[in-house]
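Let's walk through this model together, one region at a time. Keep the viewer open and turn the chain as you read.

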Amino acid sequence: AHRTKQDVSFLSSLFGYQGSDSELKVEKDGVSDSESKVDSGLPEVPVPPDDTPEVLNKALSGLSSRWKNWWVRGILTLAMISFFFFIIYLGPMVLMMIVLCVQIKCFHEIITIGYSVYHSYHLPWFRTLSWYFLLCVNYFFYGETVTDYFFTLVQREEPLRILSKYHRFISFALYLTGFCMFVLSLVKKHYRLQFYMFGWTHVTLLIVVTQSHLIIHNLFEGMIWFIVPISCVICNDIMAYMFGFFFGRTPLIKLSPKKTWEGFIGGFFATIVFGILLSYVMAGVRYFVCPVEFNNDSNSFQVDCEPSDLFQLQDYALPSILESVTGWTTVRLYPFQIHSIALSTFASIVGPFGGFFASGFKRAFKIKDFANTIPGHGGIMDRFDCQYLMATFVNVYIASFIRGPNPTKVIQQLLALRVDQQLHIFNSLKAHLTEKGLLPALEEAAA
């Protein structure tokens, strides 16, 4: 019990809570009365400075704060959507760079919160080590991506081939250097705080860097796997806000008191319809459905292929209930539209929990937003808290239900083997095809 009391006292000082010993009295379940009171209500969130552009302030000066916020959010949402379409037009390489920039900004916003606590103790190297670990993790993940998708280029350039061969060892050596630097930075009487901050950095890396890496992998599968999930999350966020603003009456969750059941349910149905319609429009365009591949001849990305069956129109029989309502016996859809329902459902039901998680984090530190980068919207992390959860789901969904064995990657791995190993595999494959009776048929077809 004494140990638990010490922990509560330390966490209270860490999160800026000042109180008497009686307020920190630990109950049987390990939670103090004061903590339970804070959790049951809403913590005092400091009011941030008004970051709305002066032009909008003057134009909306006659409106109430509620409607002023509605217009500010609406105008800047349209601006962000326009920018999103613009970077899609610029191509996959620009999209990858934007994902990297967003990742760095999100990392900066979270680390800054921890640094403000850590810096008050005048302890060294936290921010330096945090950015160093970010560099190490990005080197590891992007190195893996380059090896997977730029194999021919890597094999063609001697320095890249060496870096690729020893990539994981170099990554481990870089991380080990940072680990040793952290151990050397430990200061007596502050070990616990420093280890809390060490964990803070690594959890941030897990949430931000790993998920952005998965987003890029989704992009390589085809831009439609990047655009549709992100658009569904954006649509759900907008429509849930709209339904909640005009019809919201019933609170949904205490972590986000402005969220309502009306907004949650309205956003769900609106996102399902939006996902089906957007998928129908995009599934017929090769630029969106073809995997993003690197052309070694032109040293550039190309998006051109023969669309798979997933993006070919097919007839589907309607259930008897829908047939009686619509009068249709069949409906013509792209198979991807069926998958889009799963993506939209996740974006509407599970995706918002990323936002709830972020709300809980902000309330723990009594802050309204991660930053004030976007007026009316907060920081970049405030806009992408649901996107990262969505990225993981899409990557798992593709691996589980969509992607099969990739012949291109198999060939890449074979070419990396020694000549004698390649010959052994060739003879084994030839014997297998001959045994199955396929090789003669292939030889006759070639003749």
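A good place to begin is Trp-125, which counts as partly exposed because its relative accessibility is 41%, between the 20% and 50% cut-offs. Please keep in mind throughout that this is a predicted model. You will find Trp-125 in the loop between α5 (92–118) and α6. Its backbone deserves a look too: Trp-125 has a positive phi of about 75°, although it is not a glycine. Most residues other than glycine have a negative phi.

Lys-189 also has a positive phi, near 75°, and it is a residue other than glycine. Lys-189 sits in the loop between α9 and α10. Is Lys-189 buried or exposed? Its relative accessibility is 78%, over the 50% cut-off, so Lys-189 counts as exposed.

From that loop, step into helix α10, which covers residues 191–220. Thr-204 lies in this helix. With a relative accessible area of 4%, Thr-204 falls under the 20% limit and is therefore buried. Setting aside neighbours within four places in sequence, its contacts are Phe-107, Ile-110, Ile-111 and Val-209.

Now widen the view to the largest nonpolar core, which has 73 residues. Helix α10 gives the largest share of this core, eleven residues. Which residues have the most contacts inside the core? They are Ile-224, Trp-225 and Phe-226. Trp-225 is worth selecting in your viewer. Beyond its neighbours within four places in sequence, Trp-225 is in contact with Asn-218, and also with Leu-310, Phe-311, Phe-336, Leu-343, Val-394, Tyr-397, Ile-398 and Ile-402.

Next come the empty spaces. How many cavities of 30 Å³ or more does the structure hold? There are two. The largest has a volume of about 100 Å³. Its lining is made of 13 residues, and those nearest the centre are Phe-126, Leu-129, Phe-182, Met-197 and Phe-198. At least two lining residues come from each of α6 (126–149), α9 (167–185) and α10. Sorted by class, this lining has nine nonpolar residues, four polar ones and no charged ones.

The second largest cavity holds about 70 Å³ of space. Trp-225 appears again here, among lining residues that also include Asn-218, Phe-226, Met-390 and Val-394. Two or more residues of this lining come from each of α10, α11 (223–247) and α17 (380–402). Its lining has eight nonpolar, two polar and no charged residues.

Another stop is Val-292, in the loop between α13 (286–289) and β3 (293–295). Why does Val-292 count as buried? Its relative accessibility is 2%, and buried means under 20%, so Val-292 qualifies. Val-292 and Met-223 are 69 residues apart in sequence, yet their C-alpha atoms are 7.5 Å apart in space. Met-223 is also one of the contacts of Val-292, along with Pro-92, Leu-219, Phe-220, Gly-222, Phe-301, Gln-302 and Val-303.

Finally, compare the model with the database record. An unreviewed UniProt entry places the feature "transmembrane region" at several stretches, including residues 70–89, 194–216 and 268–289. In the model, residues 70–89 are 100% helix and 0% strand, with end C-alpha atoms 29 Å apart. For residues 268–289, the figures are 91% helix and 0% strand, and the end C-alpha atoms are 25 Å apart.

Definitions and conventions:
Residues are numbered from 1 along each chain as its sequence is written. This is a predicted model: local features need pLDDT of at least 70, side-chain atom pairs count only at pLDDT 80 or more; totals for chains, interfaces and linings use all residues. Side-chain values use heavy atoms; hydrogens and water are left out. A nonpolar core is a set of buried Ala, Val, Leu, Ile, Met, Phe, Trp, Tyr and Cys residues joined through side-chain atoms within 4.5 Å. Buried means under 20% relative accessible area, exposed over 50%, partly exposed in between (1.4 Å probe, protein chains only). Helices (H or I, at least four residues) and strands (E, at least two) are DSSP runs, numbered from the N terminus. Contact means heavy atoms within 4.5 Å. On a 1 Å grid over the protein atoms alone, a cavity is a set of points where a 1.4 Å probe fits but cannot get out, and a pocket is an open set with protein on both sides within 12 Å along at least five of seven lines; lining residues have an atom within 4 Å of a point. Grid points are joined across faces, edges and corners, and a volume is the space filled by probe spheres set on the points. Ala, Val, Leu, Ile, Met, Phe, Trp, Tyr, Cys and Pro count as nonpolar, Asp, Glu, Lys and Arg as charged, and the others, Gly among them, as polar. UniProt positions are given in the numbering used here, feature names are shortened, and annotations may be inferred rather than shown by experiment.
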